[in-house]
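Here are some exercises on empty space and the ligand in a protein model. Have your viewer ready and try each task before reading its solution.

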Amino acid sequence: MKKAIILCYSFEGYTLQMATFIKENLNIDLHEIKPLDELKSKGFYKYIWGGRQVVFKKKPELKPFDIDFDAYDLIFLGSPIWAGTFAPAIRTILEDGIFKDKEVAYFYTHEGGAGKALVRGEKAINMFNSYIGSLSLLNHVKNLESNKNLIISWAHEMIESK
Ligand SMILES: Cc1cc2nc3c(=O)[nH]c(=O)nc-3n(C[C@H](O)[C@H](O)[C@H](O)COP(=O)(O)O)c2cc1C
């Protein structure tokens, strides 16, 4: 079995909740990535603040973390979709080569407007690592149980694949 860890960024908790389902089911570590400067408000302004970062391809500085990536073969990487792509903190992770030569399984949550998120994610992952698969999850309370089942079976598929 591959050795895996979950990294995720979550602004409002949904992507983290999905990541937690993997953590509990596969019994692997989960690390939540946090930018140093995070918007405190969850009001409408978040779309302007977040959208602007995406448009300008910002790579926010992250709170330091200590992970020995040599110990892992596979990274489960989770992000909410912002303005049709992964969140800025994930850009920092992927484009700065925070880890390299790993298999990356990418899951993302959105509200039905994922647009080109998958191709953008795949391209960014392949800069330093190898994209091995993805899972798109619609953020809707009604889908919680079905998303839980989806992400658990997908995570098994990813970790057991050759
Ligand atoms: C700044 C910002 C931009 C967003 N842009 C999109 C988008 O382009 N398409 C979409 O479907 N959802 C968009 N959303 C909604 C989130 O992708 C969705 O609610 C996600 O599940 C939130 O995950 P989180 O709770 O882990 O932060 C956006 C949310 C924010 C805060």
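**Exercise 1. Find the residues that line the largest cavity, and describe them by element and class.**

Solution. Keep in mind that this is a predicted model.

Step 1: Select the lining. Gln53, Val54, Lys57, Lys58, Thr85, Phe86, Ala87, Pro88 and Arg91 surround the largest cavity.

Step 2: Ask how much space they enclose. The largest cavity holds about 30 Å³, and the count of cavities of 30 Å³ or more comes to one.

Step 3: Assign the lining to elements. H2, E4 and H3 each give at least two residues to the lining of the largest cavity.

Step 4: Sort by class. The lining of the largest cavity has four nonpolar, two polar and three charged residues.

**Exercise 2. Work out which residues and elements line the second largest pocket.**

Solution.

Step 1: Start with the volume, which is about 280 Å³ for the second largest pocket.

Step 2: Collect the lining. The second largest pocket is lined by Val54, Lys57, Ala83, Thr85, Phe86, Arg91, Glu95, Val119, Arg120, Lys123, Ala124 and Met127. Two or more of the lining residues come from each of strand E4 (85–86), helix H3 (88–95) and helix H4 (117–125).

Step 3: Find the main contributor. That is H4, which gives four residues to the lining of the second largest pocket.

Step 4: Count by class. The lining of the second largest pocket comprises six nonpolar, one polar and five charged residues.

Step 5: Compare with Exercise 1. Val54, Lys57, Thr85, Phe86 and Arg91 appear in the lining of the second largest pocket and also in the lining of the largest cavity.

**Exercise 3. Locate the ligand and describe the pocket that holds it.**

Solution.

Step 1: Place the ligand. The ligand sits in the largest pocket.

Step 2: Characterise the space. The volume of the largest pocket is about 520 Å³. Its lining has 21 residues, and Glu12, Tyr47, Ile81, Trp82 and Glu111 are the closest to the centre.

Step 3: Trace the lining to elements. H1, H2, E3 and E5 each provide at least two residues of the lining of the largest pocket, and H2 has the largest share with five residues.

Step 4: Classify. The lining of the largest pocket divides into eight nonpolar, 10 polar and three charged residues.

**Exercise 4. Describe the shell around the ligand and pick out polar contacts.**

Solution.

Step 1: Build the shell. The ligand has 20 residues around it, and Ser10, Thr15, Ile81, Thr109 and Glu111 come nearest. At least two shell residues come from each of helix H1 (14–26), helix H2 (45–55), strand E3 (74–82) and strand E5 (103–110).

Step 2: Sort the shell. There are seven nonpolar, 10 polar and three charged residues around the ligand.

Step 3: Look for N and O pairs, using the 3.5 Å cut-off. On the side-chain side, an N or O atom of Glu111 is 2.6 Å from an oxygen atom of the ligand. On the backbone side, a polar atom of Ala83 is 3.0 Å from a ligand nitrogen, and a polar backbone atom of Gly113 is 2.8 Å from a ligand oxygen.

Step 4: Check the cover. On its own the ligand has 650 Å² of accessible area, and the protein covers 90% of this.

Key. Residues numbered from 1 in each chain as written. Predicted model: local features only at pLDDT ≥ 70, side-chain atom pairs only at ≥ 80, totals over all residues. Heavy atoms only, no water. Near = heavy atom within 4 Å. Polar contact = N/O pair within 3.5 Å; in protein donor to acceptor, adjacent residues only side chain to side chain. Areas by Shrake-Rupley, 256 points an atom, 1.4 Å probe, with all protein chains shown as cover. 1 Å grid on protein atoms, 1.4 Å probe; cavity = no way out; pocket = protein on both sides within 12 Å on 5 of 7 lines; lining within 4 Å. Sits in = over half its atoms within 2 Å of the grid points. Nonpolar A, V, L, I, M, F, W, Y, C, P; charged D, E, K, R; others polar. Points joined across faces, edges and corners; volume = space filled by probe spheres on them.
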